[in-house]
Amino acid sequence: MDPKEVVEHLVALKVMRLTKPAFISPKIVTCDSKDLPGNILNNYLKDDATSVTQMETLAAGQFLLLPQSFGNIYLGETFSCYVCVHNETSQPVQSVSIKADLQTSSQRILLTTQQNSPKMLDVDETLSDVIHHEVKDLGTHILVCEVTYMSNYNTLASFRKFFKFEVMKPLDVKTKFYNAESDDVYLEAQVQNITSGPIVLEQVSLESSQQFTVNSLNEISNGVSVFGDVTLLQPQESCQYLYYLTPKENISKEIKLLAAAKNIGKLDIVWRSNLGEKGRLQTSQLQRMAPEYGDIRVTFERLPSKACVDEPFYFTCKIANASERTLDLILKLRSHQNSSLLWCGISNRKLGPLEPGKSIVVKLTALPINAGLHSITGLTLVDLFLKRTYDYDDLASIYAY
């Protein structure tokens, strides 16, 4: 505030940012009792309220630095400040009120309600308010504080102060998706600390959408995190989390619904920084690339991982119509000349009309004749209407012993 405003207005406005101190490496000065200062410096350390007897050089107050400016804040943290109006005149001031707004690039947010209840301030009396607001936008923020009061001429007088600060990004979150053949979706999330100091990740969870059920792969069997009791990230360090999501039963049964299920969910991240200051960040809706099934989707189910040589094994084949038209299909089984697996059963089997979005399950039998890991090949579908042939090889493997 410039000197003219101090003279013109009957009240003074002061705004102080409420934040915890920072750690520093102090330079503690002591001396021997025989030196010129005597015990003056040593007694000063002993008089510190946070000092411990015979450990005065390790007092907590020596390692803490109060904020030297209004400072910046990170997205997801809580902005707190103390707003104070003081009557510095020798007479009461009528109808004093405070109004505080937080202005961003897109909106203006009202922070106080003191403007609706004017108050009379006696000499040296103070009107104050403590403001807390969780910041949810990046970029420049301006705190606008306005004081209104009744002047000596029975007219309303007012003045404002502006405080500008930046809201910065605290974390960099990168995600990768993998669509499995079993319709499960795997999500890998990398969380990187891009603040200027160390942080502790308290919680990193995935809130799945209504189309999926989420399972976390970041805990061991007894529920303990794989990262230990504390997940500490120094600046620029990162930590990776893994989740797998299963489509709900009503989604998995309909191939159209499964292909349209793009929304996975949101990551909810809670961290603490400095002296335990809490921050929370929630990502926007994460979306995967929908899998392309073509006209027909073929998957093997109930397939054993291993089988005995010269003994048949059984499994099922699920055939789904992913097109927009009805398909009339024939199933052919071909045993290749050099293949170690022989098909058992009827080839050229007519499956009948298959409506769009519907599926059919076919039971199949194969016989391994050699030991080793073998790919299941030789399955062919023929579309009778378009005379189109679909070959399916290497959809799965089995170990014969």
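How do the residues of the lining of the largest pocket divide into nonpolar, polar and charged? Let me start there. The split is 15 nonpolar, 13 polar and six charged. Keep in mind that this is a predicted model.

Now the pocket itself. Its space comes to about 910 Å³. In total, 34 residues line this pocket. Nearest its centre are Thr19, Lys20, Asn72, Asn274 and Glu277. Several strands give two or more residues to the lining. From the earlier part of the chain we have strand 2 (22–23), strand 4 (73–74) and strand 5 (78–87). Then come strand 14 (199–208), strand 18 (263–273) and strand 19 (277–282).

Let me step back to the whole chain. The protein has 401 residues, and 38% of them count as buried. There are 31 strands and four helices. Take the contacts between residues at least 6 apart in sequence: 69% of those join residues at least 24 apart. The exposed surface is about 23200 Å², with 50% of it supplied by carbon and sulfur atoms.

Next, confidence. The mean pLDDT is 82. A pLDDT of 70 or more is reached by 84% of the residues. Which elements mark the two ends of the range in mean pLDDT? Helix 1, residues 3–8, has the lowest, at 49. Strand 13, residues 185–193, has the highest, at 92. Over residues 1–7 the pLDDT stays below 50. Beyond near neighbours in sequence, that stretch makes four contacts in the model.

On to the cavity. A search of the whole structure turns up one of 30 Å³ or more. Its space is about 40 Å³. Which residues line this cavity? They are Ser339, Leu341, Leu342, Trp343, Ala366, Ile376 and Thr377. Strand 25, residues 341–344, gives the largest share, three residues. By type, the lining has five nonpolar residues, two polar and no charged.

Two residues deserve a closer look here. Ser339 is one of the cavity-lining residues. Ser339 sits in the loop between strand 24 (327–333) and strand 25. Is Ser339 buried or exposed? It is buried, because its relative accessibility is 16%, and the cut-off for buried is under 20%. Outside the four places on either side in sequence, Ser339 contacts Ile369 and Thr377. Thr377 is also in the cavity lining. There is a link across the sequence as well: Ser339 and Ser375 are 36 residues apart along the chain, yet 8.9 Å apart in space, C-alpha to C-alpha.

The second residue is Thr365, in strand 27, residues 359–368. Thr365 is also buried, since its relative accessible area is 18%. Leaving out residues up to four places away, Thr365 touches two groups. One is Pro312, Phe313 and Tyr314. The other is Leu342, Trp343 and Cys344. Leu342 and Trp343 appear in the cavity lining too.

Last item: backbone angles. Most residues other than glycine have a negative phi. Arg302 is not a glycine, and its phi is positive, about 55°. Arg302 lies in the loop between strand 21 (296–301) and strand 22 (306–307). Its relative accessible area is 74%, so Arg302 counts as exposed. Asn348 also has a positive phi of about 55°, and it is not a glycine either. Asn348 is in the loop between strand 25 and strand 26 (349–354).

That's my tour.

Note on methods: Residues are numbered from 1 along each chain as its sequence is written. This is a predicted model: local features need pLDDT of at least 70, side-chain atom pairs count only at pLDDT 80 or more; totals for chains, interfaces and linings use all residues. Side-chain values use heavy atoms; hydrogens and water are left out. Buried means under 20% relative accessible area, exposed over 50%, partly exposed in between (1.4 Å probe, protein chains only). Contact means heavy atoms within 4.5 Å. Accessible areas come from the Shrake-Rupley method with a 1.4 Å probe; for residues, only the protein chains shown count as cover. pLDDT is the predictor's confidence in each residue, from 0 to 100. On a 1 Å grid over the protein atoms alone, a cavity is a set of points where a 1.4 Å probe fits but cannot get out, and a pocket is an open set with protein on both sides within 12 Å along at least five of seven lines; lining residues have an atom within 4 Å of a point. Grid points are joined across faces, edges and corners, and a volume is the space filled by probe spheres set on the points. Ala, Val, Leu, Ile, Met, Phe, Trp, Tyr, Cys and Pro count as nonpolar, Asp, Glu, Lys and Arg as charged, and the others, Gly among them, as polar.
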